[in-house]
Amino acid sequence: FVKCSNLASFSPEELALLIAGDHKVDIEDWRRETVYEGYTIESPVVLWFWETVKSFPEGMIRKLLQFATGSSHIPIEGFKGLQGTSGTSAFTIARAGDTRYYPVAHTCVNRIDIPEYDSQQELQSKLELAIQETQGFTIV
């Protein structure tokens, strides 16, 4: 329990930051704190993923973050502070699935499964569709 008098020293912006996390997505921090399963940081799919993320407007980056982690906000300590169902859980990009399929998110563990697509165009179009057309646990 926090006394209201203890909150008086914070500005509204500082209080919002403490409660909801950072508003600007630091893609380099996200990239630095990411773990890879079945891929390496130099794998073409991984390079294409980060190039695609960098090309997205802020709103689409937020939708990707929501899709992959279940939250559009970043913890105050950055991506190293992402929480999963069992505590701190790094964002993970995993190789999985057939290239006919879309990327799949596992929000409980901050993981996105991405098939080994043949091009950045294919990755980007399937990722965008997965992000924009997904609600809850289904594609709409």
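**Reading aromatic pairs, core and helix faces in a predicted model**

Mentor: In this predicted model, the count of aromatic pairs comes to five when ring centres must lie within 6.5 Å.

Trainee: How should such a pair be read, and which angle and distance describe W30 and F79?

Mentor: A pair of aromatic rings is described by the distance of the centres and the angle of the planes. For W30 and F79 the centres are 5.0 Å apart and the planes differ by 5 degrees, a stacked arrangement. The two residues are 49 places apart in the chain: W30 belongs to helix α3 (residues 27-32), and F79 to the loop between α5 (58-69) and β2 (83-84). Both W30 and F79 are buried.

Trainee: What is the geometry of the pair formed by F49 and F91?

Mentor: That pair is also stacked, with 6.5 Å from centre to centre and 25 degrees between the planes. The pair links distant parts of the chain, with F49 in helix α4 (residues 44-55) and F91 in the loop between β3 (87-88) and β4 (92-95), 42 residues apart. F49 has a relative accessible area of 0%, so it is buried. F91 counts as buried because its relative accessibility is 1%.

Trainee: Which residues do the ring pairs link into a cluster?

Mentor: The cluster consists of W30, F49, W50, F79 and F91.

Trainee: How does one place such residues within a nonpolar core?

Mentor: In soluble globular proteins, nonpolar side chains tend to be buried together. Here the largest nonpolar core has 29 residues, and W30, F49, W50, L64, F91 and I93 have the most contacts inside it. At least two core residues come from each of α3, α4, α5, β6 (111-114) and α6 (120-132). Helix α5 gives the largest share, six residues.

Trainee: Which residues does I93 touch, leaving aside those up to four places away in sequence?

Mentor: With that exclusion, I93 touches T34, V35, Y36, E37, Y39, F49, W50, I112 and I114.

Trainee: How is a helix checked for its length and for a buried face?

Mentor: An α-helix has 3.6 residues a turn, so residues three or four places apart point the same way. Helix α6 has 13 residues, which should span 18 Å at 1.5 Å a residue; its end C-alpha atoms are 18 Å apart, in agreement. The buried residues in α6 are E122, L123, K126, L127, A130 and I131. Viewed down the axis of α6, the buried residues fall within an arc of 150 degrees, so they line one face of the helix.

Trainee: Is R95 buried, partly exposed or exposed, and which residue does its side chain join through a polar contact?

Mentor: R95, in strand β4, counts as partly exposed because its relative accessibility is 41%. Its side chain and that of E116 are joined by a polar contact of 2.7 Å. Not counting residues up to four places away in sequence, R95 touches E37, G38, Y39, I114 and E116. R95 and E37 show how sequence and space can be read together: the two are 58 residues apart in sequence, with 6.2 Å between their C-alpha atoms.

Trainee: Finally, what is the sign of phi at N110?

Mentor: Most residues other than glycine have a negative phi, and most peptide bonds are trans. Phi of N110 is near 55 degrees, a positive value in a residue other than glycine. N110 is found in the loop between β5 (104-106) and β6. With a relative accessible area of 0%, N110 is buried.

How values were computed
Residues are numbered from 1 along each chain as its sequence is written. This is a predicted model: local features need pLDDT of at least 70, side-chain atom pairs count only at pLDDT 80 or more; totals for chains, interfaces and linings use all residues. Side-chain values use heavy atoms; hydrogens and water are left out. Rings of Phe, Tyr and Trp (its six-membered ring) pair if their centres lie within 6.5 Å; planes under 30 degrees apart count as stacked, over 60 as edge-to-face and the rest as tilted. Helices (H or I, at least four residues) and strands (E, at least two) are DSSP runs, numbered from the N terminus. Buried means under 20% relative accessible area, exposed over 50%, partly exposed in between (1.4 Å probe, protein chains only). A nonpolar core is a set of buried Ala, Val, Leu, Ile, Met, Phe, Trp, Tyr and Cys residues joined through side-chain atoms within 4.5 Å. Contact means heavy atoms within 4.5 Å. The expected span of a helix is 1.5 Å times one less than its number of residues. The arc is that of the directions from the helix axis to the C-beta atoms. A polar contact is a pair of N or O atoms within 3.5 Å; within protein, one must be able to donate a hydrogen and the other to accept it, and residues adjacent in sequence count only if both atoms are side-chain atoms.
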